[in-house]
Every structure is written in structure tokens, then in C-alpha cells.
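Colleague: I'd like to learn how to read a model like this one, feature by feature. Could you walk me through it?

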Amino acid sequence: MTSERTLERRREQLAGRLPEVGELIRGSVVERRMRCGKPSCRCQTDPDAAHGPYLLLMTTVGRGKTRTMVIPRDEARWVRGAVRRYRQLEELLESISETNWQLLKARADRGRVGR
Ligand SMILES: [Zn+2]
């Protein structure tokens, strides 16, 4: 079993890796070719004539709804980083929570044995 000291050290390490929390976005970046709205455009009938590829940011909002926006070219790098940082933060928080669960469990078990 993992010792409490080891768990505490793990928690410190995880907390030390938290990214800058202001610079993040929840969502996915996807590349997609699209049809425009013009009825006369070739893209309406010919799939090879679709425009793009465009870089899209997709985010779920509420139950089963998705919001999508075309990412401006000069924002692509920042958006990819922001999406990555969100996922890192999410994973780190989950790891910290799991570590704390184990830590609490270890203390609770020790308390029971000691009494
Ligand atoms: Zn078109």
C-alpha cells in the first residue's frame, strides 16, 4: 500500500503542474471542409468543391448541444494550446482528487486500527 507521505508528495507534484488557469477553453479543434450558402456554388453539388479546410472549435453546451465556430487563422495556435491546457487541468484535478481520496482512506484505516 502507498504510504501517506508518498501520497502527500504526489499531491504536491500534481498541484505544482497546474497550468495557467486563465488561458484555456473546453472543446475540440477539428478541421473540416464546408459548403457555403450560395445556391449557384459548385460546392452544393460537388463534394470535391467544398471550401476549406477550416479549423473549427466545437464545444458542448448543456445536454447534447454543440456550439461551433470557425477559428480565425491567427488564433489557431492559441486555441489549440487553450484546449490542451483545459484537458491537462481536468486530468490533473482528477488525479489530485483521486490522491486525496486515497490519502483520506489511509488515514481512516489507520484511525480504525489505532483505536
Ligand atoms: Zn460554395
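Modeller: Sure. Let's start with a definition: helices and strands here are DSSP runs, numbered from the N terminus. Keep in mind that this is a predicted model.

Colleague: Okay, how many helices and strands are there in the protein?

Modeller: Two helices and three strands. Along the sequence they follow the pattern α-β-β-β-α.

Colleague: And what does the radius of gyration say about how spread out the protein is?

Modeller: The radius of gyration is 23 Å, well over the 13 Å that the globule rule gives for 115 residues, so the protein is more spread out than a compact globule. The C-alpha atoms fill a box of roughly 80 × 30 × 20 Å along the principal axes. Buried residues make up 3% of the 115 residues.

Colleague: Now the sheet. What should I know about strand pairing in general?

Modeller: Strands of a sheet pair through backbone hydrogen bonds, and the pairing is either parallel or antiparallel. In this model, three strands form an open sheet in the order β1-β2-β3, with antiparallel pairing. β1 and β3 are the edge strands, each pairing on one side only. From one strand to the next, the twist averages 35 degrees.

Colleague: How many bridges hold β1 and β2 in register?

Modeller: β1 and β2 pair over six bridges. One residue pair to click on is methionine 34, whose bridge partner in β2 is histidine 51.

Colleague: And how many bridges are there between β2 and β3?

Modeller: Five, again in the antiparallel sense. Leucine 56 stands opposite valine 70 in β3, and threonine 60 has threonine 66 as its bridge partner in β3.

Colleague: Is β3 well covered or hardly covered?

Modeller: Hardly covered: among the five residues of β3 (residues 66–70), the count of buried residues is zero.

Colleague: What backbone oddities should I look for?

Modeller: Most residues other than glycine have a negative phi, and most peptide bonds are trans. For phi, go to the hairpin of β2 and β3, which has five residues between the strands: glycine 62 takes a positive phi near 70 degrees there. For the peptide bond, look at glycine 52 and proline 53, which are joined by a cis bond with omega about 10 degrees. Proline 53 is found in strand β2.

Colleague: Let's do the loops. Where is aspartate 46, and is it buried or exposed?

Modeller: Aspartate 46 is in the loop between β1 (28–34) and β2 (51–60). The cut-off for exposed is 12 or fewer other C-beta atoms within 10 Å. Aspartate 46 has 10 C-beta neighbours inside 10 Å, so it counts as exposed.

Colleague: How many Å separate the C-alpha atoms of aspartate 46 and serine 3?

Modeller: They're separated by 64 Å, with the two residues 43 apart along the chain.

Colleague: Let me try aspartate 74, in the loop between β3 and α2 (76–114). Why is it exposed?

Modeller: Because aspartate 74 has 7 other C-beta atoms within 10 Å. You can also pair aspartate 74 with glycine 64: they are 10 residues apart in sequence and 30 Å apart in space, C-alpha to C-alpha.

Colleague: Last one: what do the contacts say about sequence separation?

Modeller: Take the contacts between residues at least 6 apart in sequence: 58% of them join residues at least 24 apart.

Notes: Residues numbered from 1 in each chain as written. Predicted model: local features only at pLDDT ≥ 70, side-chain atom pairs only at ≥ 80, totals over all residues. Helix = DSSP H or I, 4+ residues; strand = E, 2+ residues; numbered from the N terminus. Buried ≥ 20, exposed ≤ 12 C-beta atoms within 10 Å, placed from the backbone. Pairing = 2+ DSSP bridges. Axes fitted to C-alpha atoms, helices over the stretch in contact; angles between N-to-C directions. Rg over C-alpha atoms; globule rule 2.2 N^0.38 Å. Contact = placed C-beta atoms within 7 Å.
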